[in-house]
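Please look through the chain below from its overall form down to single side chains. The paragraphs that follow start with one acidic residue and then widen the view.

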Amino acid sequence: MSTITFDTHKFVKQLESAGIPAAQAEAFVNAQRDILAEALDSALATKADVADLRSDLKLEAAGLRGELGTIRWMIAALIALAVANFAKQFF
């Protein structure tokens, strides 16, 4: 869970000096802190998220390499059959 570090007391005092009642300023600061914390939890990727994604991509790339090797082998076999069929018809 990500956290936001800022001086809430200083923020409340700034709001109070602007004319907002103390209870309302505290409620605003608490709501602001909760909203920002929720946004950080749901919108930002952590280093662990990036590492998981990289490992998933490496596994997928390895699987695709294996499938590509199979496809190359199949194409080579089809070309060999086509050449053999062509040679049989003309020779």
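Asp 52 counts as partly exposed, because its relative accessibility is 47%, a value that falls between the limits of under 20% for buried and over 50% for exposed. The model in which this residue is seen is a predicted one, and within it Asp 52 has its place in helix H3. Asp 52 does not stand alone on the surface, since together with Asp 49, Asp 56 and Glu 60 it forms a negative patch.

Helix H3 runs over residues 47-90, and it belongs to a chain whose secondary structure consists of three helices and zero strands. Read from the N terminus on, the order of elements is therefore simply α-α-α, where helices and strands are taken as DSSP runs. Helix H1 covers residues 8-17, while helix H2 covers residues 22-43.

How does the overall form of the chain compare with that of a compact globule of 91 residues? Such a globule would have a radius of gyration near 12 Å, whereas the protein chain has 32 Å. The spans of the C-alpha trace along its principal axes add to this picture, for they come to about 100 × 20 × 15 Å. Buried residues make up 5% of the 91 residues, and the chain exposes about 7,800 Å², of which carbon and sulfur atoms supply 64%.

Distances between individual residues give a further sense of the layout. Leu 78, which lies in helix H3, has its C-alpha atom 67 Å from that of Phe 6, with 72 residues separating the two along the chain. Ala 87, also placed in helix H3, is 29 residues from Lys 58 along the chain, and their C-alpha atoms are separated by 43 Å. Asn 30 in helix H2 offers another case, in which the C-alpha atoms of Asn 30 and Thr 8 are 8.3 Å apart and the two residues are 22 residues apart along the chain.

The accessibility of these residues can be read in the same careful way. Leu 78 is classed as exposed because its relative accessible area is 57%, which lies over the 50% limit. Ala 87 is partly exposed, with a relative accessible area of 30%, and Asn 30 likewise counts as partly exposed, at 33% relative accessibility.

Helix H3 also contributes to a nonpolar part of the surface. Ile 71, Ile 75, Ile 79 and Val 83 form a nonpolar patch there, and together these side chains account for about 360 Å² of accessible area. Of these residues, Ile 79 lies in helix H3.

Charge is the remaining theme. The protein chain carries 9 positive and 11 negative charges, and the mean positions of the two sets are 14 Å apart. Side chains of opposite charge can pair when their charged atoms come close. How many salt bridges does a search of the whole structure find? The search finds one, and it joins the side chains of Lys 13 and Glu 16, with a distance of 3.4 Å from N to O. This pair qualifies because a salt bridge calls for a side-chain nitrogen of Lys or Arg within 4 Å of a carboxyl oxygen of Asp or Glu. Both residues lie in helix H1, three residues apart, which is about one turn of the helix. Lys 13 counts as partly exposed, at 42% relative accessibility, and Glu 16 is also partly exposed, at 25%.

Key. Residues numbered from 1 in each chain as written. Predicted model: local features only at pLDDT ≥ 70, side-chain atom pairs only at ≥ 80, totals over all residues. Heavy atoms only, no water. Patch = residues over 30% accessible without salt bridge, like charges linked within 9 Å, V, L, I, M, F, W, Y side chains within 5 Å. Areas by Shrake-Rupley, 256 points an atom, 1.4 Å probe, with all protein chains shown as cover. Helix = DSSP H or I, 4+ residues; strand = E, 2+ residues; numbered from the N terminus. Rg over C-alpha atoms; globule rule 2.2 N^0.38 Å. Buried < 20%, exposed > 50% of the residue type's maximum accessible area, 1.4 Å probe, protein only. Lys, Arg positive; Asp, Glu negative; His and termini not counted. Charge placed at Lys NZ, Arg CZ, Asp CG, Glu CD.
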